[in-house]
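Visitor: I am new to this structure. Could you walk me through it, step by step?

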Amino acid sequence: MVSRTTADYEAMAIAGCEVISEPAFWAGYDRSTEQGFYDYFSLLTGFEPQRAAKFGIQHYTWMCINPKEAEDIGLGQAVIDLIPEFLTKDNVLGIGEIGLNKNSKNELEIMERHIALADEHDQLILVHTPHLEDKLKGTKLIIDALKNFSNLKEERVIIDHVEEHTVGLVKDAGYWAGMTLYPESKLTARRGIDIVEKFGSDQIWMNCACDWGVSEPMATPKAAQMMRQRGHSAEEIDKVFYQNPKSFMAQSPKFKLG
Ligand SMILES: [Zn+2]
């Protein structure tokens, strides 16, 4: 979504949430000009952290033109040209969520240009993988594109929306694996926990889908509760929901807790 409701912020604060990491995303419509992105980036780096701070939550963000709007190469490049100015802002951790939506040639081109930008400015990278039947192919294309940048350290990249058939690929390639939790569709908490049980709790995290479909900002505390009910130790739960995200994001010198 473009902006969290105050009810969302309040619920997260009550659940003990200290930090939010919000990637640049689709606004509910395709923006027709780079100026529309400039305004959005200004919101993410200016007004939104102030709103979160009122609830005692630190707000971090990521910059990019998301893959849903990356079909127009000219617009994509114009948006990429805006990004360096925002990389100097206090709450920007890196480039994201870049990636693929329909695995098209133009999406791939714009993703590669974002990776080059991250490489040039030594930024963390957050990658979105496509859904359903496009996921496996898209994940392979993304890993190939990342590997072409030989300077890029794998541990500075998180590939999100992994599922049972892609998590192994991502972890074996050395990247962090993200699981965005949805209440019903796509990946649920139950499946996310199954994945942790099968693939281990290293280099993996869970995050909340907060987008235009049915989604909720309380997905991670609910998943933590489900892990408790399934007999996981407090230490293991703390690792997945707190230590792991902290370790990944703390690779940016801007990330601070408290
Ligand atoms: Zn995504």
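Guide: First, a term. A crossing of two helices is right-handed if the near helix is turned clockwise from the far one by less than a right angle, and left-handed if anticlockwise. Keep in mind that this is a predicted model.

Visitor: Which hand does the crossing of α2 and α3 have?
Guide: Take helix α2, residues 34-53, and helix α3, residues 73-87. Their axes come within 9 Å. By the rule just given, the crossing of α2 and α3 is right-handed.

Visitor: Are α2 and α3 roughly parallel or roughly antiparallel?
Guide: The axes of α2 and α3 cross at roughly 30°. Angles under 35 degrees count as roughly parallel. Therefore α2 and α3 are roughly parallel.

Visitor: How many residues of the contact of α2 with α3 are nonpolar?
Guide: From α2 come Glu-34, Phe-37, Tyr-38, Phe-41 and Thr-45. They meet Leu-75, Ala-78, Val-79, Leu-82 and Phe-86 in α3. One residue of this contact is polar, one is charged, and the nonpolar ones number eight.

Visitor: Is α3 roughly parallel or roughly antiparallel to α4?
Guide: α3 and α4 pack with their axes 10 Å apart. The angle is about 20°. Angles under 35 degrees count as roughly parallel. So α3 is, to α4, roughly parallel.

Visitor: How many residues in the contact of α3 with α4 are charged?
Guide: α3 brings residues including Ile-73, Gln-77 and Ile-80. Those of α4 include Glu-109, Arg-113 and Leu-117. The contact of α3 with α4 has seven nonpolar residues and five polar ones, and its charged residues number two.

Visitor: Which helix gives the largest share of the largest nonpolar core?
Guide: This core has 65 residues. Ile-125, Ile-159, Ala-177 and Leu-181 touch the most other members. The largest share of the core is five residues, and it comes from helix α4.

Visitor: Which residues in the 94-98 stretch does Ile-125 touch?
Guide: Leave out residues up to four places away in sequence. Ile-125 then touches Ile-115, Ala-118, Arg-156 and Val-157, among others. In the stretch you ask about, its partners are Gly-94, Ile-95, Gly-96 and Ile-98.

Visitor: Is Lys-89 buried, exposed or partly exposed?
Guide: Lys-89 is found in the loop between α3 and β3. A residue is buried with 20 or more C-beta neighbours within 10 Å, and exposed with 12 or fewer. Lys-89 has 16, so it counts as partly exposed.

Visitor: What separates the C-alpha atoms of Lys-89 and Thr-61?
Guide: Along the chain, Lys-89 and Thr-61 are 28 residues apart. In space, their C-alpha atoms are separated by 9.7 Å.

Methods: Residues numbered from 1 in each chain as written. Predicted model: local features only at pLDDT ≥ 70, side-chain atom pairs only at ≥ 80, totals over all residues. Axes fitted to C-alpha atoms, helices over the stretch in contact; angles between N-to-C directions. Helix = DSSP H or I, 4+ residues; strand = E, 2+ residues; numbered from the N terminus. Parallel < 35°, antiparallel > 145°, perpendicular 65-115°, else oblique. Contact = placed C-beta atoms within 7 Å. Nonpolar A, V, L, I, M, F, W, Y, C, P; charged D, E, K, R; others polar. Core = buried A, V, L, I, M, F, W, Y, C linked by C-beta atoms within 7 Å.
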